[in-house]
Amino acid sequence: MSSVRRRSAAAISRLAEALYRQAPLRERTLARLRPWICPFEQLLEVLPRGSRVLDIGCGSGMLLGLAASDGRICSGVGIDSSARAIATAQVMAANLPEADLRFACLRAEEPWPSGAFTVISLIDVMHHVAPAHQAALVARACQAVPPGGLLLYKDMAERPRWRALANRLHDLVMARQWIHYLPIERVLAVAQAQGLTVVRRQHTACGCYQHELAVLGRVAGPASAP
């Protein structure tokens, strides 16, 4: 781990510890540790300031909490199928009373909250989705991106194999799931078929885990121009 990544992870970990200070011990501990294995600094960097974010599969709401505490977003809505994760997110949001954050317990296949969102995010969701439903979820997220908006996608990489195995073992222990990787090329193909273009793509190693990040945008049409 580079010294820059180490400093970023340490700073975000301290912030997460403060945000989740009233959460149960397990959730508080996981929040403090996750910045060391997930490149939140890159996710925050690509979020345009003033964004209105719909975070699909938000977990305990860490992305929205970190972005709101930094003043990077003006509002955020997170949905997740785990009632426990949503309860933790709501505890976290109570520590940001000035932020416009909302969380709801919903499955991905249910109707999503409506709103004037400018960013749709799918962070570490896809490998938990059954292969038969992965492409459809990516397509639905792309369809929710408005003209001039972005899809922020990050998931675990299937290469190199030893890093993919490390993440598979991680999820067997933590989530008790046998995960399914969706190749990033397939994600990009689905997104491009939905009219999105690649703005940024990169790979990042954090410890023994490999991450794939893609930022995809929908060009603003004449009707949406100021």
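**Close-up views of a predicted model**

Ten salt bridges turn up in this structure by the rule used here. Keep in mind that the model is a predicted one. Each legend below takes you to one spot.

**View 1. Arg26, Glu27 and Arg84 join into one salt-bridge network.** Opposite charges on side chains can pair up when the charged atoms get close. Here, the side chains of Arg84 and Glu27 meet with 2.6 Å from N to O. That pair ties together distant parts of the chain: Arg84 sits in helix H5 (residues 83-93) and Glu27 in helix H2 (residues 25-33), 57 residues apart. Glu27 also has a salt bridge with Arg26, at 3.4 Å from N to O. Is Glu27 buried or exposed? Its relative accessible area is 8%, so Glu27 counts as buried. Arg26, at 41%, is partly exposed.

**View 2. Arg72 and Asp70 make a salt bridge.** Look for the two side chains meeting at 3.5 Å, N to O. Arg72 is the buried partner, with 14% relative accessibility, while Asp70 is partly exposed at 38%.

**View 3. Helix H6 has a set of buried residues.** The helix covers residues 131-143, and its buried residues are Gln134, Leu137, Val138, Ala139, Ala141 and Cys142. What covers them? Among the covering elements are strand S4 (119-123), strand S5 (150-156) and helix H8 (184-193).

**View 4. A nonpolar patch lies on the surface.** Leu30, Leu165, Leu169, Leu172, Val173, Met174 and Trp178 make up this patch of about 670 Å². Which helix gives the largest share? Helix H7 (residues 161-174) does, with five residues. Trp178 belongs to the loop between H7 and H8, and it is exposed because its relative accessible area is 55%, above the 50% cut-off.

**View 5. Asp124 and Arg176 both have a positive phi without being glycine.** For Asp124, phi is about 55 degrees, and you'll find this residue in the loop between S4 and H6. For Arg176, phi is near 55 degrees, and its home is the loop between H7 and H8. Now check how covered they are. Asp124 has 15% relative accessibility, so it counts as buried; Arg176 has 75%, so it counts as exposed.

**View 6. A cis peptide bond runs from Arg159 to Pro160.** Omega for this bond is near -5 degrees. To spot Pro160, go to the loop between S5 and H7.

Methods. Residues are numbered from 1 along each chain as its sequence is written. This is a predicted model: local features need pLDDT of at least 70, side-chain atom pairs count only at pLDDT 80 or more; totals for chains, interfaces and linings use all residues. Side-chain values use heavy atoms; hydrogens and water are left out. Buried means under 20% relative accessible area, exposed over 50%, partly exposed in between (1.4 Å probe, protein chains only). Helices (H or I, at least four residues) and strands (E, at least two) are DSSP runs, numbered from the N terminus. Contact means heavy atoms within 4.5 Å. Patches are made of residues with over 30% relative accessible area and no salt bridge: like charges are joined within 9 Å, nonpolar side chains (Val, Leu, Ile, Met, Phe, Trp, Tyr) within 5 Å. Accessible areas come from the Shrake-Rupley method with a 1.4 Å probe; for residues, only the protein chains shown count as cover. A salt bridge is a side-chain nitrogen of Lys or Arg within 4 Å of a carboxyl oxygen of Asp or Glu.
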